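Below is a short note for a colleague who has the coordinates open. The points can be taken in order.

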Amino acid sequence: MNTKLLRIGCLALLGLAGAAAADTGTEHHVLTSAAAVKWGPAPPVLSPGAQFAVVDGDPAAKGLVTVRIKMPAGYQIAPHWHPTDEHITVLSGSFSFGMGDTLDMEHGKTLKAGGYAVAPATMHHYAWTKTGAIIQVHMNGPFALTYVNPADDPSHGGKK
């Protein structure tokens, strides 16, 4: 009987410790409507024409970050890579991407709304949309994008 009470007591203490740890005030919670997302110009590392919204986190800091990118029809992102995994969800329109060092629309894959892709860290990839698209990107920050060909980087006077 004492062993059973000891087990119950230990479980109760573990439960209380878990509840106390969960109630530290550091819980992160975000709940927002699509209408509340604040759009602005995309960072200079993306060609003009795209819009950018930070949904959660700080793209300049370490930690989880969620951003949205709204691209007009005909928009392209030249071959590039990121230092961390990039998780992409297509929210609207159609978005195409491929792997490699040259933007090749014949060998990419097109995803429609609801489509999902992961570009592992340092993997060279490129993207485009014929119709226009809104994508959501989830990653570990800080947000960084390095073009395979530095001449493609619009923030350094590259392709616009």
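The points that follow cover the strands, the nonpolar core, one buried residue and the cavity; the model is predicted.

1. Pairing of β1 and β2. Strand β1, residues 40-41, runs antiparallel to strand β2, residues 51-56, and 2 bridges join them. Gly40 stands opposite Phe52 in β2.

2. Pairing of β2 and β3. These strands are also worth tracing by residue. They run antiparallel, with 5 bridges between β2 and β3. Phe52 has Ile69 as its bridge partner in β3. The two strands form a hairpin with 6 residues between them. In the turn, Gly57 has a positive phi of about 85°.

3. Nonpolar core. The largest nonpolar core comprises 26 residues. Leu46, Ile69, Met71, Phe95 and Ile135 have the most contacts inside it. At least two residues of this core come from each of β3 (63-71), β4 (75-81), β5 (86-99) and β9 (133-141). Ile69 therefore appears twice in this note: as the bridge partner of Phe52 and among the core residues with the most contacts.

4. Surroundings of Ile135. Which residues does Ile135 contact, leaving aside its neighbours within four places in sequence? They are Val67, Arg68, Ile69, Met71, Ile88, Thr89, Val90, Leu91 and Phe95. Among these, Ile69, Met71 and Phe95 are also listed with Ile135 for the most contacts inside the core.

5. Ala78. This residue is found in strand β4. Ala78 counts as buried because its relative accessibility is 16%, and the cut-off for buried is under 20%. Beyond its neighbours within four places in sequence, Ala78 is in contact with Leu103, His125, Tyr126, Tyr147 and Asp152. The C-alpha atoms of Ala78 and Thr102 are separated by 7.6 Å, with the two residues 24 residues apart along the chain.

6. Cavity. How many cavities of 30 Å³ or more does a search of the whole structure find? The search finds 1. The largest cavity has a volume of about 110 Å³. It is lined by 15 residues, of which Ile77, His80, His82, Glu86 and Ile135 are the closest to its centre.

7. Lining of the cavity. β4, β5 and β8 (125-129) are the elements that give two or more residues to the lining of the largest cavity. β5 gives the most, with 4 residues. By class, the lining residues divide into 11 nonpolar, 3 polar and 1 charged. Ile135 links this point to the core: it is one of the lining residues closest to the cavity centre and one of the core residues with the most contacts.

Definitions and conventions:
Residues numbered from 1 in each chain as written. Predicted model: local features only at pLDDT ≥ 70, side-chain atom pairs only at ≥ 80, totals over all residues. Heavy atoms only, no water. Core = buried A, V, L, I, M, F, W, Y, C linked by side-chain atoms within 4.5 Å. Buried < 20%, exposed > 50% of the residue type's maximum accessible area, 1.4 Å probe, protein only. Contact = heavy atoms within 4.5 Å. 1 Å grid on protein atoms, 1.4 Å probe; cavity = no way out; pocket = protein on both sides within 12 Å on 5 of 7 lines; lining within 4 Å. Points joined across faces, edges and corners; volume = space filled by probe spheres on them. Nonpolar A, V, L, I, M, F, W, Y, C, P; charged D, E, K, R; others polar. Pairing = 2+ DSSP bridges.
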